[in-house]
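Visitor: Please take one part of this model and look at it closely. Keep it brisk, and give cut-offs as you go.

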Amino acid sequence: MEEVGWALARLGAAWLGLVLAFIVVPSALGLSLGISEAYMRVLVKTLEWATIRIEKGVKKPQPQMLKTPAANGIIERDETPMEKEIARLHRVDFEFSDIFYFCRKGFEAIVEDEVTQRFSSEELVSWNLLTRTNVNFHYISLRLTIVWGIGVIVRYCFLLPLRFTLAAIGITSMIVGTTMVGQLPNSSVKNYLSEVVHLTCSRILVRALSGTIRYHNKENKPQKGGICVANHTSPIDAIILTNDGCYAMVGQVHGGLMGVIQRATVKACPHVWFERSEIKDRHLVTKRLREHVADKSKLPILIFPEGTCINNTSVMMFKKGSFEIGGTIYPVAIKYDPQFGDAFWNSSKYNIVSYLLRIMTSWAIVCNVWYMPPMVRKEGEDAVQFANRVRSAIARQGGLTELPWDGGLKRAKVKDTFKEEQQKNYSKMLVRNGSIGSLSTGTESD
Amino acid sequence: MGSAHSVPAEMRELADRTGFTSEQIEHLHRRFKQLSRDQLTIRKENFDSIPDLEFNPIRGKIVHAFFDKRNLRPESDGLADEINFEDFLTIMSYFRPIEMNMDEEQLDRFRKEKLKFLFHMYDSDHDGKITLQEYRNVVEELLSGNPHLEKESARSIADGAMMEAASICVGQMGPDQVYEGITFEDFLKMWQGIDIETKMHVRFLNMETIAHCY
């Protein structure tokens, strides 16, 4: 028994030694040994082979019909505006037929609506050998099944423990490192050291997820005293951005492990963590952020204005609070490649632990980050218009669609004011036709 | 992933009855599960989770149509509390587009079914007639958001339309005649010559799954 215990201990030590040597030390120095690149190449080749096998498996000749990528939805919506459609139907001022337009729109919404789609994971064009994404795909061949089986073994027995070890190392060193740096008096040395600690730990954590991140347009990286704004897909977004530069984060104070990390890091670097009660007081929030931004020596603030995780196919409404602070906005677009691993956190379906487990058993996290040129609020532009302008820029850069809806719809209902809008439009049309004036006696028409 | 996928017999039967392809049925099934939150039946409250639908002024009538038993099975009446997937598909099939290979009789039946669906939407008390009051209700729902429009105006629009309907259906009415309401036959008469098939359908795209196994 003792020998088994000894052997296990030596194995564990050897394992840790390897991990430290090959992964932790290079990431501390910012170097790369090329291991992840090799892994990615093998992975890409395997997935390509799998896709070809799946396509070959299709035996039925496809009739010529409308084809569309899954992401666009299953119905073709008729986009003619209400005015044209109803004008076409009109022979008299008001007809039974007007109801058609609304009826059809209602049915289209029931079959498929733009918003609910965004809170479920993006559908893949081709299967990526993960059980969790197997929605449409059926049994093809023995070879594919074997490859899938090997994939399961590799992911769960090799990659998962490795990633878990790395994550543990990363988080511990973050807490220990920032606490130590936090003991120093405020000086430039302290800032420099805190940056080093943050960067190293982020790099370790990114490797813990097998992250392959490509940064574009690095010349537009956010500068000190600015505000960095990005679209939100998962809690990992923050790590992805911190991998390449230091930011002052903004967020709610959490309990548990997250709270420990927050308390440790705030000693070293001026992050802005709010108590739950304070978030409700918008003026307090804006005031603290303004103070931070005014100090040009402070790190740029990182904000996710959507307020909740969206599934990375579209950008929803940006809350205007972040855009009222002033200062320069540096937009950043983050787009994940779902083929290797889905980073979207559906917080109503999965809790944080099962989410992290899913992330750690995916193939990899691949994403592109685009830094965009800074934007400032123009003369005569209010916060909402500015927010929309920034949002369009991010959506265009990242190849995402834009939706005017609020991410809060994940949990709440639509306000009644929207319904009234549509009714107002319709009745305005009738009034314009002059029908009201001719039918009623003596009432004023609009 | 060794499981073979075979098209179950009930799916085929559903496909024949409602006219959807099996891929479309699978997609609608997924949508059904999403709306019902993985339950087997949907209730009226489940439709509250669709933001796009909130825009619609006749939202209430559309949701009601799903639970109206007259739409689900011929010769039945009343309101259901909850519907299962088969009922859901049945209602959806009212919005199927016409297919190329339909003959005259099928087309005529198709059209009648769609118009019957619409008729039921107007006839809210299930008595087989659209009365003036029911019609006024619909107009008011469509217009209620506009603060400039008073109830009087909505009523006069409804009255005007009913008079037009009466003149088509009954011809000249004597001063003592009371027009009770539009029956389904009158309703059909009103729509003669107007092409509704293209207006009352939702165009489903053909979703090919990437792989099949046969």
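Visitor: Just after helix 7 of chain A, which residue takes a positive phi, and of about how many degrees?

Guide: That residue is A:Ser210, with a phi of about 50°. Some ground rules come next. This is a predicted model, in which local features need pLDDT of at least 70 and side-chain atom pairs count only at pLDDT 80 or more, while totals for chains, interfaces and linings use all residues. Residues are numbered from 1 along each chain as its sequence is written, chains are lettered from A and ligands numbered from 1 in the order written, and side-chain values use heavy atoms, leaving out hydrogens and water.

Now the helix itself. Helix 7 of chain A covers residues 188-208 (helices are DSSP runs of H or I, at least four residues, and strands are E runs of at least two, numbered from the N terminus). Its 21 residues should span 30 Å at 1.5 Å a residue, and the end C-alpha atoms are indeed 30 Å apart (the expected span is 1.5 Å times one less than the residue count).

Its partner is helix 6 of chain A, residues 142-182. The two pack at an angle of about 170°, with axes 8 Å apart (axes are fitted to C-alpha atoms over the stretch in contact, and angles run from 0 to 180 degrees between N-to-C directions). Helix 6 and helix 7 of chain A are therefore roughly antiparallel (over 145 degrees).

Who meets whom? On the helix 6 side, the residues include A:Arg163, A:Leu166, A:Gly170, A:Met174, A:Gly177 and A:Val181. On the helix 7 side, they include A:Lys190, A:Leu193, A:Val197, A:Cys201, A:Ile204 and A:Arg207 (contact means heavy atoms within 4.5 Å). By class, this contact has 11 nonpolar, 7 polar and 3 charged residues (Ala, Val, Leu, Ile, Met, Phe, Trp, Tyr, Cys and Pro are nonpolar; Asp, Glu, Lys and Arg are charged; the others, Gly among them, are polar).

Burial adds to the picture. Among the buried residues of helix 7 of chain A are A:Lys190, A:Ser194, A:His198, A:Leu199, A:Thr200, A:Val206 and A:Ala208 (buried is under 20% relative accessible area, exposed over 50%, partly exposed in between, with a 1.4 Å probe and protein chains only). A:Lys190 is thus listed in the contact with helix 6 and also as buried.

Helix 13 of chain A, residues 383-398, invites the same look. Its 16 residues reach 22 Å from first C-alpha to last, close to the 22 Å expected. A:Phe386, A:Val390, A:Arg391 and A:Ile394 are among its buried residues. Their cover includes strand 3 (227-230), strand 8 (329-337) and strand 9 (365-371) of chain A. A:Gly399 follows helix 13 of chain A, with a positive phi near 70°.

Step back to the whole chain. Chain A comes to 15 helices and 10 strands. Of its 446 residues, 48% count as buried. Among contacts between residues at least 6 apart in sequence, 76% join residues at least 24 apart. Chain A exposes about 22,400 Å², with carbon and sulfur atoms supplying 60% (Shrake-Rupley method, 1.4 Å probe).

Chain B, briefly. It comes to 10 helices and 5 strands, and 49% of its 214 residues count as buried. B:Met102 sits in the loop between helix 6 (85-92) and helix 7 (104-122) of chain B. B:Met102 is buried, at 14% relative accessible area. Beyond neighbours within four places in sequence, B:Met102 contacts B:Arg96, B:Leu107 and B:Phe110.

Definitions and conventions: Angles under 35 degrees count as roughly parallel, over 145 as roughly antiparallel, 65 to 115 as roughly perpendicular and the rest as oblique.
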